Amino acid sequence: MDITRVGIVGAGQMGSGIAHVFALAGYDILLNDIDQTALDKAIETVTRNLDRQVSKEKISQEERDGALGRIATTLELSDLGGMDLVIEAATEREAVKVAIFEELVPHLKPETILTSNTSSISITRLASRTDRPEKFMGFHFMNPVPVMQLVELIRGIATDEATYKTLLGVVEALGKTAASSEDFPAFIVNRILMPMINEAVYTLYEGVGSVSSIDSAMRLGTNHPMGPLELADFIGLDTCLAIMNVLHDGLADTKYRPCPLLTKYVEAGWLGRKTDRGFYDYRGDAPVPTR
Ligand SMILES: CC(=O)CC(=O)SCCNC(=O)CCNC(=O)[C@H](O)C(C)(C)COP(=O)(O)OP(=O)(O)OC[C@H]1O[C@@H](n2cnc3c(N)ncnc32)[C@H](O)[C@@H]1OP(=O)(O)O
Ligand SMILES: NC(=O)C1=CN([C@@H]2O[C@H](COP(=O)(O)OP(=O)(O)OC[C@H]3O[C@@H](n4cnc5c(N)ncnc54)[C@H](OP(=O)(O)O)[C@@H]3O)[C@@H](O)[C@H]2O)C=CC1
């Protein structure tokens, strides 16, 4: 199937990054959120990141202008009805995603491919709440989307081959690389990454190390570009906790229990960079470790 128009639901860090790379690759984008401020912020973020790419001579001014011109925004989910492909990138809560699909599906063309950027939730279960499980897939981008090469492709039990092949073609058109994962909790990347981040929070909780010693140990000792607590703040502590809960519930193994300190930070509304406070305080010029 030929994809030219792409709808994106949720204009947070992932929705804006996905809009950026699709627009740069020539797709027409309609970005939706429940909050006008989120849409305005997303356009600001995309503009800033495109400008950064121009200043680093990765793209030309014309490419930047073209990409920005291809992104429109809307508060009405029904406006996404005419899209060829829809990517849901709203908050990592199953009830939120299911409500979006139930509202959106009656407006979609029969041939539209529907996808979720979920980090962890069962694709088969989400697909079953739509009218098109055979045209439904997990389409999992990595953060920051303009920089990270990987896209995980997750087929639900009913996903057909044509849908998989179409999305594989889209990943190639974006200049990214696909990895296929079976539909099990948190797929490949987060099945491995998130227990490491959770263990880093336990390491802090048990007093084995401070925020800076844990992060510098992993940055300098294992050559990770970011320490695990810095990365948790970057991803969003609410998203990290949601993923751990999906692993814990879905695999029924206590080794995935979320660290109580992670839960406490989320309960406090300290969600990391997006709220200016997590394991680091981002309100000053440079991030300051909080423990
Ligand atoms: C939770 C999930 O479901 C799945 C996930 O996403 S898991 C998270 C996966 N992501 C990671 O693990 C990220 C780990 N961190 C990193 O790779 C790096 O720290 C980073 C790429 C984010 C930043 O790298 P850095 O070297 O510290 O910073 P910086 O020099 O500013 O950026 C590196 C390059 O990326 C570019 N860049 C960074 N953010 C960008 C953005 N949002 N848009 C466009 N370009 C960007 C910079 O311009 C720079 O380009 P050059 O190499 O041409 O100079
Ligand atoms: N953060 C990461 O590193 C990664 C995240 N993901 C996944 O991507 C998805 C989005 O994550 P991320 O961008 O980080 O989260 P953010 O919190 O940055 O953004 C989520 C956005 O979705 C909006 N939203 C909530 N409910 C609705 C709705 N009903 N309709 C439209 N928009 C809605 C939120 O609005 P409001 O703020 O008003 O609630 C917010 O703007 C999640 O499923 C996450 O697991 C995937 C890969 C990496």
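**Figure 1. Ligand 2 and its polar partners in the predicted model.** A polar side-chain atom of asparagine 117 sits 3.0 Å from an oxygen atom of ligand 2. The model shown here and in the other views is predicted. Aspartate 33 also reaches an oxygen atom of ligand 2: a polar atom of the aspartate 33 side chain lies 2.8 Å away. Isoleucine 235 takes part through its backbone. One of its polar backbone atoms is 2.8 Å from a nitrogen atom of ligand 2. How much of ligand 2 does the protein cover? On its own, ligand 2 has 900 Å² of accessible area, and the protein covers 82% of it.

**Figure 2. The shell around ligand 2.** The shell holds 26 residues. Asp33, Glu92, Lys97, Ser119 and Ile235 come nearest to ligand 2. By class, ten residues of this shell are nonpolar, eleven are polar and five are charged. Which elements each supply at least two of them? They are α1 (13–24), α4 (94–104) and β6 (136–141). Helix α4 gives the largest share, three residues.

**Figure 3. Ligand 1 and its polar partners.** Three side chains are picked out in this view. Lysine 58 places an N or O atom of its side chain 2.4 Å from an oxygen atom of ligand 1. For histidine 140, the distance from a side-chain N or O atom to an oxygen atom of ligand 1 is 2.7 Å. For asparagine 190, the matching distance to an oxygen atom of ligand 1 is 2.8 Å. Ligand 1 exposes 1000 Å² when taken alone, and the protein buries 68% of that area.

**Figure 4. The shell around ligand 1.** How many residues surround ligand 1? There are 18, and the closest are Lys56, Lys58, Ser119, His140 and Asn143. Ser119 is also among the residues that come nearest to ligand 2. The shell around ligand 1 splits into ten nonpolar, five polar and three charged residues.

**Figure 5. A β-α-β unit.** Strand β7, helix α6 and strand β8 form a right-handed β-α-β unit. Strand β7 covers residues 150–155, and strand β8 covers residues 177–181. Helix α6 covers residues 161–173. Are the two strands parallel or antiparallel? They pair in the parallel sense, over five bridges. One pair can be traced residue by residue: leucine 150 has threonine 177 of β8 as its bridge partner.

**Figure 6. A cis peptide bond before proline 144.** Asparagine 143 and proline 144 are joined by a cis peptide bond, with omega at about 0 degrees. Most peptide bonds are trans. Where does proline 144 lie? Proline 144 is in the loop between β6 and β7. Its partner in the bond, Asn143, is one of the closest residues to ligand 1.

**Figure 7. A positive phi at glutamate 57.** Glutamate 57 has a phi near 60 degrees, a positive value in a residue other than glycine. Most residues other than glycine have a negative phi. Glutamate 57 belongs to the loop between α2 and α3 (61–69).

**Figure 8. Two annotated domains.** UniProt, in an unreviewed entry, places the feature "domain: 3-hydroxyacyl-CoA dehydrogenase NAD binding" at residues 6–180. Over this span the chain is 40% helix and 21% strand. The end C-alpha atoms of residues 6–180 are 22 Å apart. The feature "domain: 3-hydroxyacyl-CoA dehydrogenase C-terminal" is placed by UniProt (unreviewed entry) at residues 187–282. What is the helix and strand content of residues 187–282? That span is 62% helix and 2% strand, and its end C-alpha atoms lie 31 Å apart.

Notes
Residues are numbered from 1 along each chain as its sequence is written. Chains are lettered from A and ligands numbered from 1 in the order in which they are written. This is a predicted model: local features need pLDDT of at least 70, side-chain atom pairs count only at pLDDT 80 or more; totals for chains, interfaces and linings use all residues. Side-chain values use heavy atoms; hydrogens and water are left out. A residue is near a molecule or strand if one of its heavy atoms lies within 4 Å of it. A polar contact is a pair of N or O atoms within 3.5 Å; within protein, one must be able to donate a hydrogen and the other to accept it, and residues adjacent in sequence count only if both atoms are side-chain atoms. Accessible areas come from the Shrake-Rupley method with a 1.4 Å probe; for residues, only the protein chains shown count as cover. Ala, Val, Leu, Ile, Met, Phe, Trp, Tyr, Cys and Pro count as nonpolar, Asp, Glu, Lys and Arg as charged, and the others, Gly among them, as polar. UniProt positions are given in the numbering used here, feature names are shortened, and annotations may be inferred rather than shown by experiment. Helices (H or I, at least four residues) and strands (E, at least two) are DSSP runs, numbered from the N terminus. Two strands pair if DSSP finds at least two bridges between them. A crossover is right-handed if, with the strands pointing away from the viewer, the path from the first strand over the helix to the second runs clockwise.
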